[in-house]
Amino acid sequence: MPPVDQPISLTRYLIEEQRAGHVSADLRLLIEVVARACKTISVAVGKGALGGVLGDAGTGNVQGEAQKKLDVIANDVLLEANAWGGHLAGLASEEMEHSQPIPDVYPRGNYLLLFDPLDGSSNIDVNVSVGTIFSVLRCPEGVTTPEDAHFLQAGCDQVAAGYCVYGPSTTLILTVGHGVHQFTLDREQGSFVLTTRSMTVPEETKEFAINMSNKRHWEAPMQQYVDDLLIGREGPRGKDFNMRWIASMVADVHRILTRGGVFIYPWDKKDPGKPGKLRLMYEANPMSLLIEQAGGAATNGRMRILDITPDQLHQRVPVFLGSKKEVEAATRYHLEHD
Ligand code: AHG
Ligand code: MN
Ligand code: MN
Ligand code: MN
């Protein structure tokens, strides 16, 4: 990936994208506001125990998960930051049962924002990287007060997607449909600076990210695929594989965007009503757009994730994403089994 010679701020990058006709003024403002909210979340995350932000909130969310204090804080920061700018018609979040239209007291814009305010929140108390994932859709023509149904658009209709990783450094990864670019937070200046232009995912890999403890709950072709990875060069795949699992999707996907790999959270039968753990609208769709924009692939084991027409806001989906050839191989195991 080519290094950037001159420091270019996120603001300048977005203005140049607007001049190139890739983003509207409202979309530019929207992304700036999300980035500003991520800076606030980054500060809260960075304070850790000193900020009193660790531990459980004592509440549950619509996903059936116990909320961490930082799940709630990050959600509130994103809601507040995005309420009054005039660029959005409504928001939806992993942490809220229903979407929210922008309050009547503010002007409404033409976009819908969806987010996973804090991804990997089980890692927060052990000081491991967490992040924020977001997705932007257009509000359907003529709709002034969007409801849940208006958010149910296929991932290929996203106009922008990104995530922020709160790790050793805070980085923002963004696509507006013209490649994937990485910005690093300059903590002294308080601004995101472009540090990697046009990230690309290598086509092939020898690294996989899967929570293997669920193996007994998987479908037969998924079990077979992993058995073949583990046999290594003596088996049908003809090479040895290495495994990594951070259990923060943002951090696992970030590794794959940086050096390749395949990330899989497959269908499992642990929770019969739910096909897998990850959420289509807040996790799978934005990450799939980023991975495809970087030359990788993303499927649900059978079809392209971005082509799925959602029927529920909090819908779950199996996720296979990363290096193209490896995603195709895992997908082939499923299709050949059907
Ligand atoms: P969230 O913290 O937003 O609920 O998401 C957690 C997700 C994802 O980040 C990660 O890949 C996965 O859960 C880890 O699941 P396991 O604990 O089952 O490995
Ligand atoms: Mn959660
Ligand atoms: Mn998540
Ligand atoms: Mn979350």
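This report describes an annotated site and a run of paired strands in a predicted model.

## The annotated site

An unreviewed UniProt entry gives the feature "binding site" at D116, D119 and E283. These residues span 168 residues in sequence, yet no two of their C-alpha atoms are more than 8.6 Å apart, so they gather at one spot.

## D116 and D119

D116 lies in strand β5, which covers residues 111-119, and D119 is found in β5 as well. D116 has 29 C-beta neighbours inside 10 Å and therefore counts as buried, the cut-off being 20 or more. D119 also counts as buried, because 29 C-beta neighbours lie inside 10 Å.

Leaving out residues up to four places away in sequence, D116 touches E94, T132, I133, Y282 and E283. With neighbours within four places in sequence again set aside, the contacts of D119 include E283, T132 and I133. Others in contact with D119 are V130, G131, S248, M249 and V250.

## Strands β8, β9 and β10

Strand β8 (residues 170-175) and strand β9 (residues 181-186) run antiparallel and are joined by 4 bridges. Across this pair, T171 stands opposite T184 in β9. The hairpin of β8 and β9 has 5 residues between the strands, and in this hairpin G177 takes a positive phi near 95°.

Strand β9 also pairs with strand β10 (residues 191-196), in the antiparallel sense and over 5 bridges. Here Q182 has T196 in β10 as its bridge partner. The hairpin of β9 and β10 has 4 residues between the strands, and G190 in this hairpin has a positive phi near 75°.

Conventions:
Residues are numbered from 1 along each chain as its sequence is written. Chains are lettered from A and ligands numbered from 1 in the order in which they are written. This is a predicted model: local features need pLDDT of at least 70, side-chain atom pairs count only at pLDDT 80 or more; totals for chains, interfaces and linings use all residues. UniProt positions are given in the numbering used here, feature names are shortened, and annotations may be inferred rather than shown by experiment. Helices (H or I, at least four residues) and strands (E, at least two) are DSSP runs, numbered from the N terminus. A residue is buried if 20 or more other C-beta atoms lie within 10 Å of its own, exposed if 12 or fewer, and partly exposed in between; C-beta atoms are placed from the backbone. Two residues are in contact if their C-beta atoms, placed from the backbone, lie within 7 Å. Two strands pair if DSSP finds at least two bridges between them.
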